[in-house]
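These are my notes on a few helices and single residues that I looked up. I set down each entry in the order in which I checked it.

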Amino acid sequence: AVALAVSAIPEGLPAVVTITLAIGVNRMAKRHAIIRKLPAVEALGSATVVCSDKTGTLTENQMTVQAIYAGGQQYQISGGGYSPKGDITQVSPGEDIPLEETALPVPLAQCLTAGLLCNDSQLKQSGSDWTVVGDPTEGALLTVAEKVGLSQAKLTAATPRLDAIPFESDYQYMATLHDAQPRCIYVKGSVEALLQRCTQMLDAQGQAIALDANRIKQDVDDMAGQGLRVLAFAQKVVTNHQHAIDHEDIATDLVFLGLQGMIDPPRPEAIAAVHACRSAGMQVKMITGDHIATARAIAQRMGIETSQGAVAFAGQTLAQMDASELRNAAIEGSVFARVAPAQKLQLVEALQDKGHIVAMTGDG
């Protein structure tokens, strides 16, 4: 009927095409998908690859700290969501020991304090509900500290912030300077970014000893293998006359305080969407800034990556590739971790060079 109408009145072709696309927009709107430009309907229908961010897109973005490593000891945390109800338990060979604020080991207390002070978010209570004003990851750090009675308001009043370096993807850390005795800098960020800046770590008694990077990396791999998102924490004591900080101040001589691993469960609807895309013949690729082991664990739960021949690449590996190798990696890989924003664009362009029509989703 459309062909007959157009052949009879060729001038009606633009109107017919517009009406056809408008029908497509209307059908998509009924499925809660809003299209701003009509030609996007055709482009989206032709997509062969979907590249997705992980946190908040494939996952619920409701973080809960479940494991901590500090001073050579491992701790488990009970409770879920942002309600500060739960316990921190020291994992010991003989028995698990619940902890209280008055009996916190020094390394654990320092690790929790770093998460409280090197933080731009707040917890808010409304009746029985707790919500985060700010970043969900930072909210999880506040919640776990509150579970043993550490108060953000009290610590902030006792050790006010003097200066800060906001988090940037290029550096992968945040740092804050505090007026304590002695004055100190707290840093939180990716394990890779902090370990290379640390020379010491705290032992079980809270004394500074030589850094055991291999042991820390093993604990990171164990946490990440469980699908936990891992953050590292460090500290540096400075002179009392210092009132500002920059990147050079934390380039070296940091003291490693510990790790906090948090779970961010996959969205059930995202799992279904990934299955639908794969059933339709579309490839789904995860591009994230998280640790590669964490990304792979979540990808397997999402159905993005299977155990048979799937390949994961780290951003550092991608940076060493030439254009041809990058194009091949973009085709072969299903998970790309610790990726910088510029590398996301490079991956999409590499897929386009191979003839794919690429859809990109996520806040990254």
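I count as a polar contact a pair of N or O atoms within 3.5 Å; within protein, one must be able to donate a hydrogen and the other to accept it. I also note at the outset that the model is predicted.

**Entry 1: His178**

I began with His178, which is in strand E9 (residues 173–178). I looked up its relative accessible area and found 2%, so His178 is buried, the cut-off being under 20%. Which side chain makes a polar contact with the side chain of His178? I found that of Thr176, at 2.8 Å. I also noted a backbone partner: the oxygen of Thr159 is 3.1 Å from a polar atom of the His178 side chain. Leaving aside residues up to four places away in sequence, I listed what His178 touches: Leu117, Thr159, Pro160, Arg161, Leu162, Arg183, Cys184 and Tyr186.

**Entry 2: Arg278**

I then turned to Arg278, in helix H9 (residues 268–279). Its relative accessible area is 41%, and I therefore record Arg278 as partly exposed. For a polar atom of its side chain I found the backbone oxygen of Ile304 at 3.2 Å. I also took the C-alpha distance from Arg278 to Val49: 9.6 Å in space, with the two positions 229 residues apart in sequence numbering.

**Entry 3: Leu211**

I located Leu211 in the loop between strand E12 (208–210) and helix H8 (213–225). Is Leu211 buried or partly exposed? At 22% relative accessibility, I count Leu211 as partly exposed, because buried means under 20%. Beyond residues up to four places away in sequence, I found that Leu211 touches Leu195, Cys198, Thr199, Gln200, Met201, Ile216 and Phe256. From Leu211 to Met63 I read 29 Å, C-alpha to C-alpha, the two being 148 residues apart in sequence.

**Entry 4: helix H2**

I checked the length of helix H2 (residues 13–30) next. At 1.5 Å a residue its 18 residues should span 26 Å, and the end C-alpha atoms are 26 Å apart, so the two values agree. I found Leu21, Gly24, Val25 and Met28 buried in H2. Why do I place them on the same side of H2? They cover an arc of only 100° around the axis, which puts them there. The general rule I had in mind is that an α-helix has 3.6 residues a turn, so residues three or four places apart point the same way. On the other side of H2, I found Ile19, Arg27 and Lys30 exposed. Helix H3 (39–45) is included in what covers the buried residues of H2. After H2 comes His32, for which I noted a positive phi, near 65°.

**Entry 5: helix H12**

Finally, I looked up helix H12 (residues 323–332), where the buried residues are Leu326, Ala329 and Ala330. Their arc around the axis is only 100°, and I therefore put them on the same side of H12. Among the elements that cover them I noted strands E15 (283–287), E16 (311–314) and E17 (333–337), and helices H11 (315–319) and H13 (341–353). How do H12 and H13 pack? I read an angle of about 90°, with the axes 8 Å apart. That makes H12 roughly perpendicular to H13. I assigned the contact to Leu326, Arg327, Ala330 and Ile331 of H12 and to Gln346, Leu347, Ala350, Leu351 and Asp353 of H13. At the N-terminal end of H12 I found a cap, Asp322, with a side-chain oxygen 3.2 Å from the backbone nitrogen of Ser324.

Definitions and conventions
Residues numbered from 1 in each chain as written. Predicted model: local features only at pLDDT ≥ 70, side-chain atom pairs only at ≥ 80, totals over all residues. Heavy atoms only, no water. Helix = DSSP H or I, 4+ residues; strand = E, 2+ residues; numbered from the N terminus. Expected span 1.5 Å × (residues − 1). Buried < 20%, exposed > 50% of the residue type's maximum accessible area, 1.4 Å probe, protein only. Arc of directions from axis to C-beta. Contact = heavy atoms within 4.5 Å. Axes fitted to C-alpha atoms, helices over the stretch in contact; angles between N-to-C directions. Parallel < 35°, antiparallel > 145°, perpendicular 65-115°, else oblique.
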